[in-house]
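Take a moment to turn the model around on your screen before reading on. We will walk through it one part at a time.

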Amino acid sequence: MTQEITPGLERLCTGDWVRHAPFQVGIQRIEAFFSGEAYAPHRHDTYSIGYTIVGVQSFDYRGTRLDSTPGRVIVLHPDEIHNGEAGTEQGFHYRMIYIEPSMIREALCRPASALPFVRDAVLDDPRLLKIVHSALSEMDAVMEPIALDGITAHLTDSLLANDASTIGSARNLIDTRAVGLAREYLQANICRTVASRELELVTGQDRYELARQFRTAYGTSPYRYLTMRRLDKVRFDIARGLTLADAAINAGFSDQAHMTRRFKANFGLSPGSWQRLVRSSA
């Protein structure tokens, strides 16, 4: 995980910079590097959740001076004043999600409950770090609907797990019929974007509860299940002679570059290497 969350170190010599992911309603993602003062005191109307990649990320928050270092997670609450600056001359490199409270509210599945409040703004929480890293791993791509819903559900659960005032509720029962219908529907529609509303109509379950139950039942999220089925199709199509570009489009990826990133991340070799291997075996 340490190596995975430290990309782009060569960019640290280019001065301060900010990189934005494509716009999406309800959630924004940024990656940035600052060598000195980053932000004057300000506040957002969103949850701000992220992690430090390099250096010391220092800020004042709720009357306390705090420092985040590589591998730690930052959670700032809506409407809380904070600033930001480098804690050392090295500067700091970080990624951050800004997610609207309305999305957290929907994912709670308990309309009367208060929004989760995490007292410690800097956390050592490997589970939350993994979720945030997943949401920020492909900054150039728009998150598909079921991927966004899964991330929102798991972020909400992690916030609740770090809220000392929350009394946890067990979610051990699985609606096997619903998750089975979701899996079959995803399998039948791997070559296109599947909307969350479609899965709700097919299964009769709320999208966030479905995301939780699907992971419990199958050990992965609906979106990752869909992605892996697409990659299985890519391998099959490459083996039967399709070009990499055609295999990518044929399996529902936005382009060859998107498919290549996913392929290498999940199989440990590039699709070009896979193509050479299957041609050699033939």
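**A guided walk through the model**

Let us begin with Q256, which sits in helix α9, a helix covering residues 256-267. Keep in mind that you are looking at a predicted model. Is Q256 buried, exposed or partly exposed? With a relative accessible area of 33%, Q256 is partly exposed, because that value falls between the limits of 20% for buried and 50% for exposed. If we set aside its neighbours within four places in sequence, Q256 is in contact with L244, A245 and A248. Look at one of these partners: L244 and Q256 are 12 residues apart in sequence, and their C-alpha atoms are 6.7 Å apart in space.

Now step back to the whole chain. You can find 10 helices and 10 strands in it. Of its 282 residues, 49% count as buried. Among the contacts with a separation of 6 or more, 71% are made by residues 24 or more positions apart.

A good place to see burial is strand β7, residues 73-76. V73 and V75 are on one side of this strand, I74 and L76 are on the other, and all of them are buried, so both faces of β7 are covered. Which strands pair with β7? One is β4 (residues 47-55), which pairs with β7 in the antiparallel sense over four bridges; here I49 has V75 as its bridge partner. Another is β10 (residues 122-123), also antiparallel, with two bridges, and in that pairing V73 is matched with L123.

V75 deserves a second look. Leaving aside neighbours within four places in sequence, V75 is in contact with S48, I49, Y61, V118, A121, L123, L128 and L159. V75 also belongs to the largest nonpolar core, which has 27 residues. The residues with the most contacts inside this core are I49, V75, I97, I99, V132 and L155. At least two core residues come from each of β4, β7, β9, α1 (101-108), α2 (126-135) and α3. Apart from this core lies another one of 16 residues, including I30, A32, F34 and Y94. In soluble globular proteins, nonpolar side chains tend to be buried together.

Next comes helix α5, residues 196-203. Its buried residues are S196, E198, L199, E200 and T203, and they pack against α3 (145-161), α4 (176-188) and α6 (207-218). After α5 comes G204, whose phi is positive, near 80°.

Where does the model leave empty space? The structure holds one cavity of 30 Å³ or more, and about 70 Å³ of space lies in the largest cavity. Its lining is made up of I146, D149, G150, S196, L199, R207, L210, A211 and P222. Helices α3, α5 and α6 each give two or more residues to that lining. By class, the lining has five nonpolar, two polar and two charged residues.

We finish with the second largest pocket, whose volume is about 170 Å³. Its lining has 17 residues, and Y39, Q57, H82, Y94 and M96 lie nearest its centre. Strands β3 (37-42), β5 (57-61), β7, β8 (82-86) and β9 (92-99) each give two or more residues to the lining of this pocket. How do the lining residues of the second largest pocket divide by class? Eight are nonpolar, eight are polar and one is charged.

Notes: Residues are numbered from 1 along each chain as its sequence is written. Side-chain values use heavy atoms; hydrogens and water are left out. Buried means under 20% relative accessible area, exposed over 50%, partly exposed in between (1.4 Å probe, protein chains only). Two strands pair if DSSP finds at least two bridges between them. Contact means heavy atoms within 4.5 Å. On a 1 Å grid over the protein atoms alone, a cavity is a set of points where a 1.4 Å probe fits but cannot get out, and a pocket is an open set with protein on both sides within 12 Å along at least five of seven lines; lining residues have an atom within 4 Å of a point. Grid points are joined across faces, edges and corners, and a volume is the space filled by probe spheres set on the points. Ala, Val, Leu, Ile, Met, Phe, Trp, Tyr, Cys and Pro count as nonpolar, Asp, Glu, Lys and Arg as charged, and the others, Gly among them, as polar. A nonpolar core is a set of buried Ala, Val, Leu, Ile, Met, Phe, Trp, Tyr and Cys residues joined through side-chain atoms within 4.5 Å.
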